[in-house]
Amino acid sequence: MDKFLDRLNIYASRLVLQKEYLMPGHRACQGCAEVLALRLVAKVLGRNNIIASATGCMEIVSSPLPLTSWNVPWIHVAFENAAAVASGIEAGLKALMRKGGLPQQKINVMAMAGDGGTSDIGLQALSGAMERGHDFVYVCFDNEAYMNTGIQRSSSTPFGASTTTSPAGKVVPGQTTWKKNMPEIAAAHNIPYVATACPSYPFDLMEKVKKAADIEGPAYIHILSVCPTGWRLPPQLAIHAGRLAVETGIFPLYEVERGKYRLSVDLPELRPVEEYLKIQGRFRHLTPEMIDKIQQRVLEEYEKLKKKVEMTNEG
Amino acid sequence: MATRVGIEVSIAAAEAVKQANTDVIAAYPITPQTHIVEHLSELVNNGELDAEFVPVESEHSAMSVCSGSSAAGARTFTCTSSQGLALMSEIVYAVSSLRLPMLMILANRSLNSPLSIWNDHSDVMSIRDCGWIQVFVENGQEVYDHVFIGYRVAEDRNVLTPFIINLDGFVLTHVIEPIEMLDQEMVDRYLPPYQPLYRLHPNQPVSIGCFGPPVLFTETKRAQDEAFNSTMPHILKGWQEFGDLTGRYYHPVETYKTEEAKVIVVTQGSLGETASIAIDTLRGEGEPVGLVSIRLWRPFPFEEFREAVKGAELVVVMDRAISYGGPGGPLAGEIRAALYSQEVHPRVVNFIIGLGGRDVAPDDFVQMVQQAKARPGEWYEIYGVRE
Ligand SMILES: Cc1ncc(C[n+]2csc(CCOP(=O)(O)OP(=O)(O)O)c2C)c(N)n1
Ligand code: SF4
Ligand SMILES: [Mg+2]
């Protein structure tokens, strides 16, 4: 598996269009897999794409006045409202095109936010936009904490992780809650398309973005975005860590298309979670018991997911 | 041509939003604004208004949807009250800084707590410095007219600033009044389609709402301040041309019997009509009393106000909101600021009245004027408290 994907990577530059819409020169940290994911997403959505961005790392690194990294129309209004701003753009374009104020044309509308802007403060706006059925693609860049403000915990921070507001203390060993299952929350809205992705699997990610854009109605993509700065990980291990997250079953890659679940990378055997945890400073303090607990949980969740695949593909 | 009809003010306001050929409406229900959104939904669902009605899950999202639709170049409307405004206020400030024109009708209602669905001005005063053009209206005709005026001014390329119409909850929103409705042809003549200077569109990519590092933040804010301060002539032009079309002329400060007045009562919104009855009574008794109603709240018409109260010895300001720990109500604070630079200026007395729907009758104005005359000094008082 590993080798196969490595080989694909070699050919990546040839298979992928060269045109960029998120330009070089942005201020993201070295090895940031979030900005890598964003670059790939922007590449797939192409020129006819309007982006509504939430506040967060990606907004800050790409738009310091008087510069911009954006080669497509882009707007940032606030932290928690990317889905609502995108709803407004979609509604505005729809009305104008219907009434003759703008020529008819396929323009994709994309909303983007971090895990904080999605699963915490922006959840209500996102739920509303998905429920109303706007034709847009929502991308959550999940680096598992509020990185922009200095690595504070979010509801997407995994169990055990040490952050600046869930520090590994003498009494409380880091994050005490399990990661909120945001893709499932999106899927519960019965929208036409939900997927998880990771830039360590660039082709899978790009295919999913393409699908999301082509499908009419709301689409939600949840991208695990390794953040070397926040995860206390050497930048050169960012892609590797994304692979391990998938191969351990911690972050399974799957899609839910019109209610049908499909595993994108179906591994015959999962690697032990410890391989993933031990390379990251945020998990350094974990005891063998805690690692065991995480291992159990991951296996259970993975089984649940496989059952959903079976159940939704029967008959 | 225009037709005069008896109609509920909220319905008339919604009809104006329709006649203005609005593209996107995003709003969330809250008393006393509800009749406006309900009627708009009806117009859209009956095919009488070709617009996207976005039934958002909160006011925060209402204002956010409006920011997106205005940035896409669509004519955009919302309306709210009280808690709804408070919830959306984060985005209210952002929208004006992004120079996104849109129209909001604010059916004024008090802010919690205690919960009150009734009318005062504490909601709008909480966003006083938000960078929107803000007007107050006194009756249904004025709100109907200002829908067209508001869009016209907000979307003017020299302005590109959102616009709020303050309309007193219940006492205006829920009453039936005779209103002269404009013919569509008149509306179209006055209000051209919105032609944005920039819009979110692939043909000309722009980045809107960037991160402002300290080296540039002050400069962006000064640009906004200058732009806002230079909206005044365009507002006046909007009013002038509307007057030429309909015969109804509006002014930043409306005056009533201010000639030779020694005492001037200052109000905002629908209480102006009540106060004018008291002015008639007092004038009848030989008292030189006049009335000034502040129509344009932002940008504040300092010059026009000073002109209107010239020669007065006493100015009695009626506020409908409290500024806790401040110099009285927010309107009085502004008026003192307006008069401070004058070599001789009138004494300013401030009453806070009509909180949370408390009735203010013409006789109350007479009482307040007498009290203000009798008691020396500058002071404020919450009037009509039941001891
Ligand atoms: C209403 C509001 N609350 C708090 C903030 C401060 N804030 C800005 S970005 C951010 C965290 C962003 O985290 P996330 O969404 O996960 O994105 P990341 O930076 O990790 O990519 C916070 C807390 C804000 N801008 N607005
Ligand atoms: S803090 Fe993390 S997510 Fe933010 S730019 Fe740096 S590496 Fe990327
Ligand atoms: Mg984050």
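This briefing describes the two largest pockets of a predicted model. The largest pocket holds about 980 Å³ of space, and the second largest has a volume of about 620 Å³. Helix α8(B) contributes the largest share of the lining in the former, while α12(A) contributes the most in the latter.

**Largest pocket**

- The lining consists of 31 residues, and those closest to the pocket centre are B:Ser97, B:Leu98, B:Ile208, B:Gly209 and B:Cys210.
- Two or more lining residues come from each of α3 (59-71), α4 (82-97), β9 (207-208) and α8 (214-229) of chain B.
- Five residues of the lining belong to α8(B), the largest share.
- Sorted by class, the lining of the largest pocket contains 19 nonpolar, nine polar and three charged residues.

**Second largest pocket**

- Here 28 residues form the lining, with A:Lys179, A:Asn181, A:Ile250, A:Pro252 and A:Glu301 nearest the centre of the second largest pocket.
- In chain A, α7 (182-187), α11 (273-277) and α12 (288-312) each give at least two residues to this lining.
- Eight residues of the lining come from α12(A), which supplies the most.
- The class split for the second largest pocket is 16 nonpolar, four polar and eight charged residues.

**The two linings by class**

- Nonpolar residues number 19 in the lining of the largest pocket and 16 in that of the second largest.
- Charged residues number three in the lining of the largest pocket and eight in that of the second largest.
- Polar residues number nine in the lining of the largest pocket and four in that of the second largest.

Technical notes:
Residues are numbered from 1 along each chain as its sequence is written. Chains are lettered from A and ligands numbered from 1 in the order in which they are written. This is a predicted model: local features need pLDDT of at least 70, side-chain atom pairs count only at pLDDT 80 or more; totals for chains, interfaces and linings use all residues. Side-chain values use heavy atoms; hydrogens and water are left out. On a 1 Å grid over the protein atoms alone, a cavity is a set of points where a 1.4 Å probe fits but cannot get out, and a pocket is an open set with protein on both sides within 12 Å along at least five of seven lines; lining residues have an atom within 4 Å of a point. Grid points are joined across faces, edges and corners, and a volume is the space filled by probe spheres set on the points. Helices (H or I, at least four residues) and strands (E, at least two) are DSSP runs, numbered from the N terminus. Ala, Val, Leu, Ile, Met, Phe, Trp, Tyr, Cys and Pro count as nonpolar, Asp, Glu, Lys and Arg as charged, and the others, Gly among them, as polar.
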